[in-house]
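The following note is offered as a colleague's reading of the model, set out as numbered points. Please read it with the sequence and the structure at hand.

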Amino acid sequence: MAVSKISPCLWFDGEAEEAANFYVSLLPDSRIEKVQKNPVDGPAGKAGTVLVVEFTLAGQRWMVLNGGTRVEYTRAISFKIDCADQAEVDRLWDALSSNGGKVERCGWLRDRYGLSWQIVPSVLPEMLGGSDRAGAQRAMQAMLQMVKLDIAALRKAYEGV
């Protein structure tokens, strides 16, 4: 698999390594690749503290940076995780929304670091983009009423049950 030339870089204020370790614990094909320390005292921290962590998250390269002063993330950028089944939706939802995370509507949440995630069952795009337009409308209406997405309820709505 070729490594992408583009990867996200997330800004943190001292918790970059903690966040990277948390994220890689959630998904297969994830690991810490490199931890770089500050060579000198500076705005990003004292010499010897973590400056950058490079890691792979579900096969995609990422980087986190302890940049100094905290900068808030907005919902204009989010990361979508395709989930194979309800168990995966539930596991990721619970992990990412725990310890100070905040749940939002339609399968969105903010984790404890303020980063926005979409926890989406893989069947949802199939329902919304399928040839049954009435089913797609029912599934969309059901999704708009949900916080965490429920595959069984979405399927019932799609099928008109």
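1. Aromatic pairs. The structure, which is a predicted model, holds 10 aromatic pairs. In one of them, the ring centres of Phe12 and Tyr113 are 5.5 Å apart and the ring planes stand at 85°, so this pair is edge-to-face. Phe12 belongs to strand 1, whereas Tyr113 belongs to the loop between strand 7 and strand 8 (116–121); the pair therefore ties together parts that are 101 residues apart in sequence. Phe12 and Tyr113 are both buried.

2. A tilted pair. For Phe79 and Trp117 the ring centres lie 5.7 Å apart with the planes at 50°, and the pair is therefore tilted. Because Phe79 is in strand 5 and Trp117 is in strand 8, this contact ties together parts that are 38 residues apart in sequence. Both Phe79 and Trp117 are buried.

3. The aromatic cluster. Which residues do ring pairs link into a cluster? The members are Phe12, Phe22, Tyr23, Phe55, Trp62, Tyr73, Phe79, Tyr113 and Trp117. The two pairs described above, Phe12 with Tyr113 and Phe79 with Trp117, involve residues of this cluster. A charged residue should also be noted here: Arg112 lies over the face of Phe22, at 3.9 Å from the ring centre.

4. The sheet that contains strand 1. Strands of a sheet pair through backbone hydrogen bonds, in either the parallel or the antiparallel sense. An open sheet of 4 strands follows the order 1-4-3-2, and its pairing is mixed. Its edges are formed by strand 1 and strand 2 (31–37), each of which pairs on one side only. On average, neighbouring strands of this sheet are turned by 20° against each other, direction ignored. Helix 1 (residues 16–24) packs on the sheet and touches strand 1, strand 2, strand 3 and strand 4. The direction of helix 1 makes about 10° with that of strand 3.

5. Strand pairings within that sheet. Strand 1 (residues 9–12) pairs with strand 4 (residues 60–66) in the parallel sense, over 4 bridges. Here Trp11 stands opposite Leu65 in strand 4. The pairing of strand 3 (residues 50–57) with strand 4 is antiparallel and extends over 6 bridges; Thr56 has Arg61 in strand 4 as its bridge partner. The hairpin of strand 3 and strand 4 has 2 residues between the strands, and Ala58 in this hairpin takes a positive phi near 50°. Strand 2 and strand 3 also run antiparallel, joined by 6 bridges, and Lys37 stands opposite Val50 in strand 3.

6. Gln36. Is Gln36, a residue of strand 2, buried or partly exposed? Its relative accessibility is 32%, and Gln36 therefore counts as partly exposed. Residues up to four places away in sequence aside, Gln36 touches Thr49, Val50, Leu51 and Val52. The C-alpha atoms of Gln36 and Val53 are separated by 6.2 Å, although the two residues are 17 residues apart along the chain.

7. The sheet that contains strand 7. An open sheet of 4 strands has the order 5-8-7-6, again with mixed pairing. Strand 5 (78–83) and strand 6 (102–103) are the edge strands, and each pairs on one side only. Strand 6 pairs with strand 7 in the antiparallel sense, over 2 bridges. In this region Lys102 has Arg110 in strand 7 as its bridge partner. The tilted pair discussed in point 2 belongs to strands of this sheet, with Phe79 in strand 5 and Trp117 in strand 8.

8. Arg110. Strand 7 (residues 108–110) includes Arg110. Where does the side chain of Arg110 reach? It comes to the backbone oxygen of Tyr73, at 3.4 Å, and Tyr73 is itself a member of the aromatic cluster. Why does Arg110 count as buried? Its relative accessibility is 18%, and buried means under 20%. Leaving aside neighbours within four places in sequence, Arg110 is in contact with Tyr73, Thr74, Arg75, Leu96, Gly101, Lys102, Glu104, Leu115 and Ser116. Among these contacts is Lys102, the residue whose bridge partner is Arg110.

Key:
Residues are numbered from 1 along each chain as its sequence is written. This is a predicted model: local features need pLDDT of at least 70, side-chain atom pairs count only at pLDDT 80 or more; totals for chains, interfaces and linings use all residues. Side-chain values use heavy atoms; hydrogens and water are left out. Buried means under 20% relative accessible area, exposed over 50%, partly exposed in between (1.4 Å probe, protein chains only). A polar contact is a pair of N or O atoms within 3.5 Å; within protein, one must be able to donate a hydrogen and the other to accept it, and residues adjacent in sequence count only if both atoms are side-chain atoms. Contact means heavy atoms within 4.5 Å. Two strands pair if DSSP finds at least two bridges between them. Axes are lines fitted to C-alpha atoms, for helices over the stretch in contact, and angles run from 0 to 180 degrees between N-to-C directions. Rings of Phe, Tyr and Trp (its six-membered ring) pair if their centres lie within 6.5 Å; planes under 30 degrees apart count as stacked, over 60 as edge-to-face and the rest as tilted. A charge sits over a ring if NZ of Lys or CZ of Arg is within 6 Å of the ring centre and within 35 degrees of the ring normal.
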